[in-house]
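This briefing is intended for a reader at the bench who has the sequence and the model to hand. Please consult both while reading the points that follow.

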Amino acid sequence: PHLGLVLHLPDWRALAERLTAAGVAFVLPPQVRFQGQPGEQWTMFFRDPSGNPIEVKGFADMASVFKG
């Protein structure tokens, strides 16, 4: 179980840059999944200061969130 967040891709990229610059230790570093396919998404996993897992996904087209 984890907390999930979905962002528009520009916001996701900005967050990924800020977290990377801050030295966050990623469980899964920022990357694209399903490139060129329905449901294409950018994702990253990290833990908050209490150790809770957080997944943040980015989509260029929010209508594709539930595709794939």
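What share of the contacts in the chain with a separation of 6 or more is accounted for by residues 24 or more positions apart? Such residues account for 43% of those contacts, where contact means heavy atoms within 4.5 Å. The model is a predicted one, in which local features need pLDDT of at least 70 and side-chain atom pairs count only at pLDDT 80 or more, whereas totals for chains, interfaces and linings use all residues. Residues are numbered from 1 along each chain as its sequence is written, and side-chain values use heavy atoms, with hydrogens and water left out.

**Confidence**
- The mean pLDDT of the chain (the predictor's confidence in each residue, from 0 to 100) is 92, and 97% of the residues score at least 70.
- Among the elements, helix α1 (residues 9–21) has the highest mean pLDDT, at 97, and strand β1 (residues 3–8) the lowest, at 93.
- Where pLDDT is low, the predicted coordinates should not be read in detail.

**Fold and dimensions**
- The chain contains 1 helix and 4 strands; helices (H or I, at least four residues) and strands (E, at least two) are DSSP runs, numbered from the N terminus.
- Read from the N terminus, the order of the elements is β-α-β-β-β.
- The radius of gyration, taken over C-alpha atoms, is 12 Å, which agrees with the value near 11 Å for a compact globule of 68 residues. The globule rule is 2.2 Å times the number of residues to the power 0.38.
- Along the principal axes, the C-alpha atoms fill a box of roughly 35 × 25 × 15 Å.

**Surface and charge**
- Of the 68 residues, 26% count as buried; buried means under 20% relative accessible area, exposed over 50%, and partly exposed in between, for a 1.4 Å probe and protein chains only.
- The chain exposes about 4,500 Å², of which carbon and sulfur atoms supply 57%. Accessible areas come from the Shrake-Rupley method with a 1.4 Å probe, and for residues only the protein chains shown count as cover.
- The chain has 6 positive and 6 negative charges, and their mean positions are 4 Å apart. Lys and Arg count as positive and Asp and Glu as negative, while His and the chain ends are not counted; each charge is placed at NZ of Lys, CZ of Arg, CG of Asp or CD of Glu.

**Residues in strand β1 and helix α1**
- Leu5 belongs to strand β1 and counts as partly exposed because its relative accessibility is 40%.
- Leaving aside neighbours within four places in sequence, Leu5 is in contact with Glu55, Val56 and Lys57.
- Leu5 and Pro53 are 48 residues apart along the chain, and their C-alpha atoms are separated by 11 Å.
- Asp11 lies in helix α1 and is partly exposed, with a relative accessible area of 45%.
- The C-alpha atoms of Asp11 and Met44, 33 residues apart along the chain, are separated by 13 Å.

**Residues in loops and after the last strand**
- Phe34, in the loop between β2 (26–33) and β3 (41–47), has a phi near 60°, a positive value in a residue other than glycine.
- At 38% relative accessibility, Phe34 counts as partly exposed.
- Asp48 is placed in the loop between β3 and β4 and, at 23% relative accessibility, is partly exposed.
- Between Asp48 and Val24, 24 residues apart along the chain, the C-alpha separation is 9.5 Å.
- Val65, in the segment after β4 (53–59), lies 26 Å from Val24, C-alpha to C-alpha, with their positions 41 residues apart in sequence.
- Beyond neighbours within four places in sequence, Val65 is in contact with Val6 and Phe59.
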